[in-house]
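Trainee: Please take one part of this model and go through it closely, then set it against the rest of the protein. I would like the reasoning spelled out wherever a step depends on a cut-off.

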Amino acid sequence: MRARDLAVEYETVSVDSDALEAARLMAEHRLPALLVLDEQGRPKAILPASQMIKALVPAYVIEDPTLAAVVDEKHADRLCHALVGRRVGECLSSKAAPPPIAEPDDTALEVAALMAQVRSPLVAVAEKGKGGTHLLGVITASHLLHELLGVAGTAGPE
């Protein structure tokens, strides 16, 4: 099994995409993360859902989680307003590393090793050529597990 065979179409956003729309996309499709593309359409970062949630929580609550207990439900329901007018790039961690990118001919084990090494729920599969980097698709951790378990004959009933 090669990376090109494992790659599937996956939701992507750009650094300039609306953050609230990106959060809705994550929620509607129950995505563990989004692949963020730069202005040229190349993979730039992985935006985990946990990072998007962090963008919703006020900084004072992150610094002192006990303050979360004093925020009433009326105000808690408005957390998503924190994303209004923001771009996806603003929600990325300042320490966001470039996304893991597999070559189309990488084996499933190479993809698994890359995913494990960087602890990412996604690996982009891209072909690098004279015209730049062309995204072929994404491999999610759950899809990779399903395929590896299936090959081992332990996937269970379909």
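Mentor: A residue is called buried when its relative accessible area is under 20%, exposed when that value is over 50%, and partly exposed in between. The model is predicted, and by this cut-off buried residues make up 33% of the 158 residues in the protein. The part I would choose is strand β2, which spans residues 33–37 and has five of its five residues buried.

The cover on β2 is best followed face by face. In a regular strand the side chains alternate between the two faces of the sheet. In β2, A33, L35 and L37 lie on one side, L34 and V36 lie on the other, and every one of these residues is buried, so that by the cut-off of under 20% both faces of the strand count as covered.

The neighbours of β2 come next. Strands of a sheet pair through backbone hydrogen bonds, either parallel or antiparallel, and β2 takes part in pairings of both kinds. With strand β1, residues 12–14, the pairing is parallel and extends over three bridges, while with strand β3, residues 43–48, the pairing is antiparallel and extends over five bridges. V36 is a convenient point of reference here, since V13 stands opposite V36 on one hand, and A45 is the bridge partner of V36 in β3 on the other.

The connections into and out of β2 can be described in turn. On the way in, β1, α2 and β2 make up a β-α-β unit that is right-handed. On the way out, β2 and β3 form a hairpin with five residues between the strands, and within this hairpin G41 takes a positive phi near 85 degrees.

Helix α2, residues 19–29, also carries a charged pair, formed by R24 and E21, which are three residues apart, about one turn of the helix. An α-helix has 3.6 residues a turn, so residues three or four places apart point the same way. The side chains of R24 and E21 meet in a salt bridge with an N to O distance of 2.8 Å. R24 has a relative accessible area of 40% and is therefore partly exposed, and E21, at 44%, likewise counts as partly exposed. The right-handed unit thus includes a strand with five of its five residues buried and a helix that holds a salt bridge between partly exposed partners.

Set against the whole, this part belongs to a protein with eight helices and six strands, whose elements run α-β-α-β-β-α-α-α-α-β-α-β-β-α from the N terminus on. Another group of strands is an open sheet of three, in the order β4-β5-β6 and with mixed pairing. In that sheet β4 and β6 (132–140) stand at the edges with a single partner strand each, so one side of each is left without a neighbour in the sheet. The pairing of β4 with β5, residues 122–129, is parallel over two bridges, and I101 stands opposite A124 in β5.

Helix α7 offers a useful contrast with the cover on β2, because its residues fall on either side of the cut-offs: A108, V111, L114 and M115 are buried, being under 20%, whereas L109, A116 and Q117, on the other side of α7, are exposed. As for the buried residues of α7, they fall within an arc of 125 degrees when seen down the helix axis, so they line one face of the helix. Just after α7, R119 takes a positive phi of about 55 degrees.

The loop before α7 supplies one more charged pair: D105 and R4 form a salt bridge at 2.3 Å, N to O. D105 lies in the loop between β4 (101–102) and α7 (108–118), and R4 lies in helix α1 (residues 3–6), so the pair ties together parts that are 101 residues apart in sequence. Both partners are partly exposed, D105 at 47% relative accessibility and R4 at 39%. The count of salt bridges comes to six, and among them is the pair of R86 and E90, with the closest N and O atoms 3.9 Å apart. Finally, among contacts between residues at least 6 apart in sequence, 55% join residues at least 24 apart.

Terms used. Residues are numbered from 1 along each chain as its sequence is written. This is a predicted model: local features need pLDDT of at least 70, side-chain atom pairs count only at pLDDT 80 or more; totals for chains, interfaces and linings use all residues. Side-chain values use heavy atoms; hydrogens and water are left out. A salt bridge is a side-chain nitrogen of Lys or Arg within 4 Å of a carboxyl oxygen of Asp or Glu. Helices (H or I, at least four residues) and strands (E, at least two) are DSSP runs, numbered from the N terminus. Buried means under 20% relative accessible area, exposed over 50%, partly exposed in between (1.4 Å probe, protein chains only). Two strands pair if DSSP finds at least two bridges between them. A crossover is right-handed if, with the strands pointing away from the viewer, the path from the first strand over the helix to the second runs clockwise. The arc is that of the directions from the helix axis to the C-beta atoms. Contact means heavy atoms within 4.5 Å.
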